[in-house]
Amino acid sequence: MERLILFVHIPKTAGQSIFSVVSSHWNYVEHAKHDPLFLLERNNNIVDAYKFSVVRNPYRRTFSYYKHFNKVNHTEYTFGQFLDIIKSGASFPKTKMIPYSQSFYCLNTVGDIGLDKIYKFENLKELESDLSVSLPYINKGSYSEVEYFNSYGQRERNFVRDYYSSDFYNFEYTTDFL
């Protein structure tokens with residue numbers, strides 16, 4: 001691909017795998033590892049870039065972020081306690097981006113979702129086809145389906161559904177727990 005690629009890396013959406021195959025086309029100044037589009041636009045001349053991101057079912061992404069959070073912060077919070085941390089706005093240096101929705105990362109400088117394409121984590125084959133790449137599995141989380149389903153009671157489901165309502169809406173995910 002000759003066109004400059006701008007990948008907006010939302011945490012816990014296969015970003016390391018994607019960077020491993022698009023890095024030669026990826027050339028812009030970033031402030032942090034997970035910059036939202038509006039910050040990337042402000043710091044770079046990316047008018048002609050193919051701007052894309054990957055989003056993930058908010059229930060799955062939140063649980064994956066929870067597992068990542070405990071791992072990198074060397075903590076053992078329960079999933080409910082993790083959601084309370086999000087709600088409180090508490091900050092942890094290694095995982096500063098916890099409270100942000102996926103929609104936040106996709107907003108351009110005028111406040112609109114400004115990407116050329118948004119891929120779904122659940123269908124990365126589409127991204128592989130569009131970019132003519134094969135994604136490796138890098139930094140893949142490890143949890144069982146049983147652990148995932150057992151961690152979500154009604155309180156946790158309601159919190160994620162309400163807190164990340166913009167993601168369910170903007171990316172057309174069902175609010176049914178799956």
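**Pocket lining and salt bridges**

Modeller: The residues that line the largest pocket divide into 18 nonpolar, 14 polar and 12 charged. The model under discussion is a predicted one.

Biologist: Which residues lie nearest the centre of the largest pocket, and how many line it?

Modeller: The lining comprises 44 residues, and those nearest the centre are Pro-11, Lys-12, Thr-13, Ala-14 and Gly-15. The volume of this pocket is about 1000 Å³.

Biologist: What makes Lys-12 a charged residue, and how is Gly-15 classed?

Modeller: Lys is listed among the charged types, so Lys-12 is charged, whereas Gly counts as polar, so Gly-15 is polar.

Biologist: Which helix gives the most to the lining of the largest pocket?

Modeller: Helix 3 gives the most, with 4 residues. At least two lining residues come from each of helix 1 (15–22), helix 3 (58–73) and helix 6 (124–131).

Biologist: Why is the contact between Asp-130 and Lys-117 called a salt bridge?

Modeller: The closest N and O atoms of Asp-130 and Lys-117 are 2.9 Å apart. The cut-off is 4 Å between a side-chain nitrogen of Lys or Arg and a carboxyl oxygen of Asp or Glu, and therefore the pair qualifies. The two residues link distant parts of the chain, since Asp-130 belongs to helix 6 and Lys-117 to strand 3 (residues 117–120), 13 residues apart.

Biologist: How do you know whether Asp-130 and Lys-117 are buried or exposed?

Modeller: The relative accessible area is 36% for Asp-130 and 26% for Lys-117. Buried requires under 20% and exposed over 50%, so Asp-130 and Lys-117 are partly exposed.

Biologist: Where do Lys-125 and Glu-128 lie, and are they buried or exposed?

Modeller: Both lie in helix 6, 3 residues apart, about one turn of the helix. They form a salt bridge with closest N and O atoms 3.4 Å apart. Lys-125 has a relative accessible area of 62%, which is over 50%, and therefore counts as exposed. Glu-128, at 12%, falls under 20% and is therefore buried.

Biologist: What makes Arg-161 and Asp-162 a salt bridge?

Modeller: Their closest N and O atoms are 3.2 Å apart, which is within 4 Å, so the definition is met. Arg-161, at 28%, is partly exposed, as is Asp-162, at 47%. Elsewhere, salt bridges with shared partners join Asp-84, Arg-155 and Glu-156 into one network.

Biologist: How many salt bridges does a search of the whole structure find?

Modeller: The search finds 8 salt bridges.

Conventions: Residues numbered from 1 in each chain as written. Predicted model: local features only at pLDDT ≥ 70, side-chain atom pairs only at ≥ 80, totals over all residues. Heavy atoms only, no water. 1 Å grid on protein atoms, 1.4 Å probe; cavity = no way out; pocket = protein on both sides within 12 Å on 5 of 7 lines; lining within 4 Å. Points joined across faces, edges and corners; volume = space filled by probe spheres on them. Buried < 20%, exposed > 50% of the residue type's maximum accessible area, 1.4 Å probe, protein only.
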